[in-house]
Amino acid sequence: MTQQFASVEESLKKHLPEEDRKEVFRILYGRELEYFLLELDLPVAAAVPLNLELKGYSFTAETENLRPARRVRVGLIQNSIVLPTTDPVSAQRDALLAKIGQIIGVAHQSGVNIVCMQEAWNMPFAFCTREKHPWCEFAESAEKGPTTVFLQDLAKRYNMVIISSILERDEDHGDTIWNTCVVISNTGNVMGKSRKNHIPRVGDFNESTYYMEGNLGHPVFETQFGKIAINICYGRHHPQNWMMYGINGAEIVFNPSATVGGLSEPMWSIEARNAAIANSYFTCAINRVGTEVFPNEFSSADGRPAHKDFGHFYGSSYVAAPDGSRTPSLSRVSDGLLVAELDLNLCRQVKDKWGFRMTQRLDLYSRSLERAIQPDFKPQIVRENITHQN
């Protein structure tokens with residue numbers, strides 16, 4: 001296995017002269033790094049036996065006269081699988097439940113109010129093999145499946161909202177399979193679910209073999225800790241998808257993902273940050289980590305030889321704020337928990353400053369989009385009219 005590069009941040013710290021470091025980090029993250037490093041009192045000792053990278057940052061807002069600060073702590077979990085993909089499905093799933101259960105315990109000790117895991121966290125990311133057996137066995141009910149039941153207990157015990165990305169089997173509609181996030185309230189009740197709106201058909205990621213585009217729109221969940229939404233993985237490449245969660249009132253949008261180096265990494269640090277700016281909310285980008293090897297070779301007819309893995313899931317989870325600032329990323333190679341304290345008052349303060357919602361011109365674009373989907377649509381292109389004289 002090729003040794004993977006650990007992180008941009010660690011490399012900068014190692015090689016950058018100290019006198020330059022402060023300014024470089026300010027340019028990279030939108031604020032001086034010290035701005036984020038407020039004391040969060042994280043349980044570092046609890047993370048050590050789990051080989052868990054634990055990092056914490058804080059986003060503040062201006063003090064207001066009429067509203068108290070609205071501080072919320074979010075937790076982002078990135079992790080590798082536990083057992084080989086050749087082990088029984090039940091063993092693989094149960095090992096991941098046990099692992100994530102421990103990490104959620106660390107999140108609780110860190111004061112986290114809302115935690116979100118990576119895409120399809122309770123299984124290997126087997127969709128790109130395009131094999132149905134045994135991977136469809138991981139699919140389960142969003143409302144009463146074993147993963148949801150397991151997390152309901154933790155949510156109630158820790159007074160924590162939990163966002164769980166699973167392969168859903170919709171038993172009420174012919175056992176249809178969906179890529180779904182379940183939102184579990186801090187009371188332990190299932191608030192609802194959000195389905196993946198955009199399905200990739202690029203490289204090895206031909207996921208429409210298993211599920212198609214979601215049918216639930218862009219739901220926003222009003223929790224005790226703020227209004228949250230989930231833009232699942234490939235949806236981050238579509239600005240309209242991000243926009244609709246903002247229109248529906250989201251204050252925090254989570255983006256649980258599974259994406260590999262060599263495909264999307266140049267986009268990763270940009271898209272969620274751009275969405276936070278454009279929509280005046282916080283974004284939480286979570287990516288899987290590690291390399292998952294499958295028993296059978298597969299190919300995507302792209303000229304590459306058949307292979308047994310998708311490549312390296314590069315982690316690098318981070319949080320971005322509506323003012324354009326963002327945290328450093330978690331590692332590209334390690335399990336991690338990123339804790340971020342957000343003052344949700346920053347959302348309205350940025351709206352007041354930049355006025356993006358007032359200047360958004362939704363009326364203009366709605367008319368243009370309505371025309372664009374008509375069969376007789378012609379692009380609005382102006383060409384130079386050159387008159388030839390004799």
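## A closed-off space inside

This predicted model holds one cavity of 30 Å³ or more. The volume of the largest cavity comes to about 90 Å³. To find a space like this, you can picture a small ball being rolled over the atoms: rolling a probe the size of a water molecule over them shows where empty space is left.

Who lines the largest cavity? The residues are Met243, Gly246, Ile247, Ala278, Asn279, Ser280, Lys351, Phe356, Arg357 and Gln360. Helices H7 and H8 each put at least two residues into that lining, and H7 has the largest share, with three residues.

## Zooming in on Ser280

Let's pick one residue from that cavity lining, Ser280. Along the chain, you'll find Ser280 in the loop between helix H8 (265–279) and strand S12 (282–287). Is Ser280 buried or exposed? Its relative accessibility is 4%, and the cut-off for buried is under 20%, so Ser280 counts as buried.

Leaving aside residues up to four places away in sequence, Ser280 touches Ala275, Pro322, Cys347, Val350, Lys351 and Phe356. Two of these names, Lys351 and Phe356, also turn up in the lining of the largest cavity.

## The largest pocket

Now for a space that is open. The largest pocket has a volume of about 400 Å³, and 17 residues line it. Which of them lie nearest its centre? They are Pro239, Gln240, Met243, Ala278 and Asn279. Met243, Ala278 and Asn279 are also on the list for the largest cavity.

Three helices each give at least two residues to the pocket lining: H7 (239–247), H8 and H10 (362–372). Here H7 has the largest share, with six residues. Recall that H7 also has the largest share of the cavity lining.

## The five-stranded sheet

Next come the sheets. As a reminder, strands of a sheet pair through backbone hydrogen bonds, either parallel or antiparallel. One open sheet has five strands in the order S9-S10-S11-S12-S15, with mixed pairing. Strands S9 (221–223) and S15 (318–320) are the edge strands, each pairing on one side only. From one strand to the next, the twist averages 25 degrees.

Inside this sheet, strand S11 (residues 252–257) and S12 pair in the parallel sense over six bridges. One spot to look for is Asn255, whose bridge partner in S12 is Ala285. Helix H8 lies across S11, S12 and S15, and runs at about 30 degrees to S15.

## The seven-stranded sheet

There is also an open sheet of seven strands, again with mixed pairing, and its order is S1-S16-S2-S3-S4-S5-S6. Why do S1 (53–58) and S6 (190–195) each have one side without a neighbour in the sheet? They stand at the edges, so each has a single partner strand. The twist from one strand to the next averages 25 degrees.

Look at S3 (residues 114–117) and S4 (residues 161–170): they pair in the parallel sense over three bridges, and Ile114 stands opposite Val161 in S4. Helix H6 (residues 146–158) packs on this sheet and touches S3, S4, S5 (176–184) and S6. The direction of H6 makes about 165 degrees with that of S4.

## What the record says

UniProt, in an unreviewed entry, places the feature "domain: CN hydrolase" at residues 72–344. In the model, that span is 21% helix and 33% strand, and its end C-alpha atoms lie 7 Å apart.

Key:
Residues numbered from 1 in each chain as written. Predicted model: local features only at pLDDT ≥ 70, side-chain atom pairs only at ≥ 80, totals over all residues. Heavy atoms only, no water. Pairing = 2+ DSSP bridges. Helix = DSSP H or I, 4+ residues; strand = E, 2+ residues; numbered from the N terminus. Axes fitted to C-alpha atoms, helices over the stretch in contact; angles between N-to-C directions. Contact = heavy atoms within 4.5 Å. Buried < 20%, exposed > 50% of the residue type's maximum accessible area, 1.4 Å probe, protein only. UniProt positions renumbered as here; feature names shortened; annotations may be inferred. 1 Å grid on protein atoms, 1.4 Å probe; cavity = no way out; pocket = protein on both sides within 12 Å on 5 of 7 lines; lining within 4 Å. Points joined across faces, edges and corners; volume = space filled by probe spheres on them.
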